[in-house]
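Reader: I would like to go through the side-chain contacts of this model with you, one question at a time. Please give the reasoning before each value or name.

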Amino acid sequence: MALDLSGLSAYTKENSTELISASVLKGNTINRISVQAGIKSAEKINLIAIDNTFQAGACGFSASGNVDLTQRTITVDKIKQNAAMCVDNLEAYYTQQMMNAGSYNEEIPFEQKYSELIVEGTQNYLESLVWRGNKADGALAADLQLANGLLVAIDAEGSVVSATTTTVVTAGNIIARVDEMVDLIPTDALDSNDLELYMPMAHYRMYLRALRNANLFHYTADENDAFEMMIPGVNVKVVGTKGLVGIAVSDTRWVLAEASNLWVGTDLLNDAENFSIAYSVDNDEVRTIQKFKFGAQIAFPARIVELTTAV
């Protein structure tokens, strides 16, 4: 007797590309910065910089200046999430009202909401991983040790501009701390149109409140809800992120960089990068499979300003 599965629902497997893309590419930070796709294990970010050298006008030709072609490696790690649900167990609860008639339960009655929550949870996880992921830090939660984030890449570079201080950030000095970061922006990056200062949401709210109390700008709820706003008088946007809460309990970090200078690597071009929710006949349960690759890197370290401060 042949097994006919043609009548079974494919669940969200047919939307797998959309779901994995929404999970991996649409977080608060990742949605803003540079993404390099198609990475299986490691790949180069190809960079170009020109050293313009000008001379006094005269007859003849004398070449000067350099075109610098450099590369930085972005390495990705494999990450997955597996879940299983025996739908029969839902019959004893209010969820029975959403279930189909009969004893063969092969569909999750709240599949759409279930998928949305998985996507939301993945985005929240990656918001932390993109900043605080550290494969060498055993004190972190296990899922934050699965890949290295931007802070690992920043800490590995001696040319990053440092604004390290032991002064506790308070409502009374946060405006000065932000201004200090802006003052340290390297000359080459001063006129960039994508300068962003990333800080924990608690500090973002503190900064907004300090500006409001000082009457330095017109406060609107929309700016607060979006957790982003332009610093009054300069071309830098402050962005609040729940991912940037610090490596250790006694430490918190701010990062000021061009959004295009921060990179995330993934492999959304590979069939192994998927998202599926399907009924398993062999196990009589609905199984969720989510797989993707993730890594982070910075392009030009000397154009980044970081603040390490006590909390």
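Reader: Is Asp77 buried or exposed?
Author: In this predicted model, the relative accessible area of Asp77 comes to 17%. Because buried means under 20% relative accessible area, Asp77 counts as buried.

Reader: Which side chain meets Asp77 in a salt bridge?
Author: The salt bridge has an N to O distance of 2.9 Å, and it ties together parts that are 58 residues apart in sequence, since Asp77 lies in strand β4 and its partner in the loop between α2 and α3. That partner counts as partly exposed, at 42% relative accessibility. The side chain that meets Asp77 is Lys135.

Reader: How many residues apart are Glu306 and Arg253?
Author: The side chains of Glu306 and Arg253 meet in a salt bridge at 2.6 Å, N to O, and both are buried, Glu306 with a relative accessible area of 11% and Arg253 with one of 4%. Glu306 belongs to strand β13 and Arg253 to strand β9, so that the pair links distant parts of the chain, and their separation is 53 residues.

Reader: Which residues are joined into one network by salt bridges that share partners?
Author: By the rule used here, the count comes to 11 salt bridges. Those that share partners join into one network Arg32, Glu196, Glu228 and Lys237.

Reader: What is the angle between the planes of Trp131 and Tyr198?
Author: Trp131 lies in helix α2 and Tyr198 in strand β6, so the pair ties together parts that are 67 residues apart in sequence. Both rings belong to buried residues, as Trp131 has a relative accessible area of 0% and Tyr198 likewise has 0%. The aromatic pair is tilted, with 5.2 Å centre to centre, and the angle between the planes is 55°.

Note on methods
Residues numbered from 1 in each chain as written. Predicted model: local features only at pLDDT ≥ 70, side-chain atom pairs only at ≥ 80, totals over all residues. Heavy atoms only, no water. Phe/Tyr/Trp six-rings, centres within 6.5 Å; stacked < 30°, edge-to-face > 60°. Helix = DSSP H or I, 4+ residues; strand = E, 2+ residues; numbered from the N terminus. Buried < 20%, exposed > 50% of the residue type's maximum accessible area, 1.4 Å probe, protein only. Salt bridge = Lys/Arg side-chain N within 4 Å of Asp/Glu carboxyl O.
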